[in-house]
Structures are given as structure tokens and as C-alpha cells.
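Subject: Structure handover

Hello,

The structure you asked about is below. My notes on the ligand site and the domains follow it.

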Amino acid sequence: MSTSLPQHPLSQSLEDLVELFDVRPSAAPMADADRELALAAPRFGTVFTDHMARVTWNATDGWFDRRVEPYGPLQMDPATAVLHYAQEIFEGMKAYRHADGSVWTFRPEANAQRFARSAQRLALPSLSIDDFIAAVAALVRVDAAWVPSGEESSLYLRPFMYASEPFLGVRPSLEAEFLVIASPVGPYFASGVQPVSIWIERDLSRAGAGGTGAAKCGGNYASSLLPQTIAQENGCDQVCFLDAATGTALEELGGMNVFVVKTDGSVETPELTGSILEGVTRSSIIQLLQDAGHEVRERRIPLDELLEGIGDGSVAEIFACGTAAVVTPIGRLAGTSFDQTIADGGAGSVTMSVRGELTDIQYGRAADRHGWLRRLV
Ligand code: COI
């Protein structure tokens, strides 16, 4: 994704698009006191708001029945295509409460555009940018009381689409559902913003050339679970994948992109080869680093070169980024034949400064000079 990606204009005002969603309120929303308790210290992805946004598709009628309905289980035929062939895609976004009580989201057009690319790769129907953003806005408006106001807190938004046709033949589903669910969150890692340790996986790959690595589909995450378990068995917090073709260059973590800060102030991140997720946070960070005068190179980063740089001190910091994890310092890299601490193992100054700049924009504490925020409430 280019950092200068133009904001995609909606075809109508957001108000008009949200109006297309029929609100069917929950008869049993969580009591205010219980919600406040749930918002106090949410653990990532464990608590969900009272409603979900939903739009249904079939090959004959296209998208229809735009609604916000009570959050609840989905009834599925055991033959539903997604359960067998994993025809599914998703996005990760957040809604942030600003000091004046208003609620905003960050670069939703970029998520909507990536969602459209993922849909195309997974042979799912294309959902308009209008519908994607309106569904998010409609849900957040109904469940606005669920947007927390704490320092590191936000309402995590999970738009997703799955093949809903009950059919075991291997072809694109003729039915699909698009939903948005929402979950109040604090820091992604239980330890807060602390340096994490990374296991470099040499045997198992995440994605190959021509595969689905650039799409945000559930299958990519399913295949990262065993390597992630191996990382934890080796005493590390997260796994980092190498390229499938040569097994020598850095790609990405299980759910985050990776950046390397050199002692000369330049910054590198693996180039987008088609097998790496085009992170919205990744592209925003490239922009913010460039704004701050850092040279940023998107290039192939050989693991051997990185380890040598950590050893001779030319690599000063490494960090990971993503919507959920924001910017997370990496303090240690380990693999079958090495275990290296990066500088003093602590959070680096460039890492923490770009993290601060990004979150200051997201939470409305700094000017939104790139026009990245969209007001929802
Ligand atoms: C995100 O950062 O939002 C992601 O989608 C990564 C992970 C939680 C799956």
C-alpha cells in the first residue's frame, strides 16, 4: 500500500449511508454498571458489545438487509462452505474516544480497500467502501457507550465476511454474510507496552508467492498458530516468519509487520512482495517516520544481515506494529542457533516516539495533519 493512498470519498454523506441500516435494538443490553465493569480492564477480544452490524449477500440479489441487530450466535448449517474451505476474510480497526467525548476511527477507507482486495483473492463478493464504513459507523453509533475512555483503551472493531452457502462443492459460495462486531480493549499484550521476544521460525512458512499472504484471511492466521506455539515453547512471545522461497529474509509476525531502526536513524521494513500483509499501521508509520526526517527503506532484509547488525551495534531498535498491537518494541530475537538481545533489550526511543505520535493522532491529542481520522459519533 502506498503511504500516499488517497482517501476514498464516500458516494453520499455518512449520515445518509448509516440511515440505510435498520436498527433492531437488543431487548437485553448489558446493564450500565456491568458495562462499566467490563470496560474497566478489558482483556483483548473477550467481551463484546450489545449489537453487531450485518449485511447479507447472494448471487441473485447482491447485498441486502443492512441492519444493526442484537449481538448473538450465528446459526449455521453444518455444510456451510466457510467451515470446510475457509472462504473468510476480516479486518482489524479501532474506535477512539477523544477528550471531548466524540468518537473517531482511523483510516477506515484503507481498511475498506484492503477488505475489497482480500475479498477478490478469496473469491468472495465485493462490498462497497460505502457499505463497509457505514456498517462500522452504524454499529459504533448504537453501541457508543461501549467506547472506553482510558489512556490505552479503545473499541476494537472486527469487520468480517464469510461464505454462508450450505454446499460442499469446491467453488465460490453463492451466499455470504458481512458482519461487524466490537470489543472494548486495553493493551494487546497482557504485559502492556513492554519489549517482547521473537522466535524466528525457519521451517514453517506463513505464505508463498502467489498465495494468500497479502490477503487478511483467517487461513493465514490458522497456519501461524503452530509456529506461534513453537515460539512460546522456546520461551518467546511471538513468531516471525521468513520468506517461503529462500527462508532467509524477514517477512512478518503472526499478526504484525516489523520495522528495524538503524543507529544512523534510517529505518527499514520488509518490502511488500505479495506475501506480506499491507498493514494500515505499517503505512502510517512509514509516513510518520518520514515526516520526522527518517529515511525509510522498504527492502528485503536478510536475517543474517540483521543478526550481524544487532551484533555490531548498527541495529538500534526493532519493533512490530498492527492495529491491535499498535507499536510494540522487540527486545530479543531467538532461533535454533542464536539468541540476541537488541541494544539493551529495552524500548527504543524511535519506537516509543513514533508510537506516541501515532496514538496522539488517534486519540485527538495531536493535529490530524494527514486527514486520517473519520468522526463516527
Ligand atoms: C489487528 O492488528 O487488528 C489484527 O488483525 C491482528 C490480530 C489481532 C489478528
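How do the residues of the shell around the ligand divide into nonpolar, polar and charged? There are five nonpolar, four polar and two charged, where Ala, Val, Leu, Ile, Met, Phe, Trp, Tyr, Cys and Pro count as nonpolar, Asp, Glu, Lys and Arg as charged, and the others, Gly among them, as polar.

This is a predicted model: local features need pLDDT of at least 70, side-chain atom pairs count only at pLDDT 80 or more, and totals for chains, interfaces and linings use all residues. Residues are numbered from 1 along each chain as its sequence is written, and side-chain values use heavy atoms, without hydrogens and water.

The residues around the ligand (a heavy atom within 4 Å of it) include Phe 90, Tyr 156, Arg 158, Lys 216 and Thr 323. Polar contacts here are pairs of N or O atoms within 3.5 Å. A polar side-chain atom of Lys 216 is 2.7 Å from a ligand oxygen. From the backbone, a polar atom of Ala 324 lies 2.8 Å from an oxygen atom of the ligand, and an N or O atom of Thr 323 lies 3.2 Å from one.

The domain assignment (automatic or from a database) gives domain 1 (14-190 + 363-375) and domain 2 (196-346). Both give residues to the shell, so the ligand lies between them. Their C-alpha centres are 27 Å apart. In contact (heavy atoms within 4.5 Å) are 23 residues of domain 1 and 25 residues of domain 2.

Regards

Notes: Polar contact = N/O pair within 3.5 Å; in protein donor to acceptor, adjacent residues only side chain to side chain.
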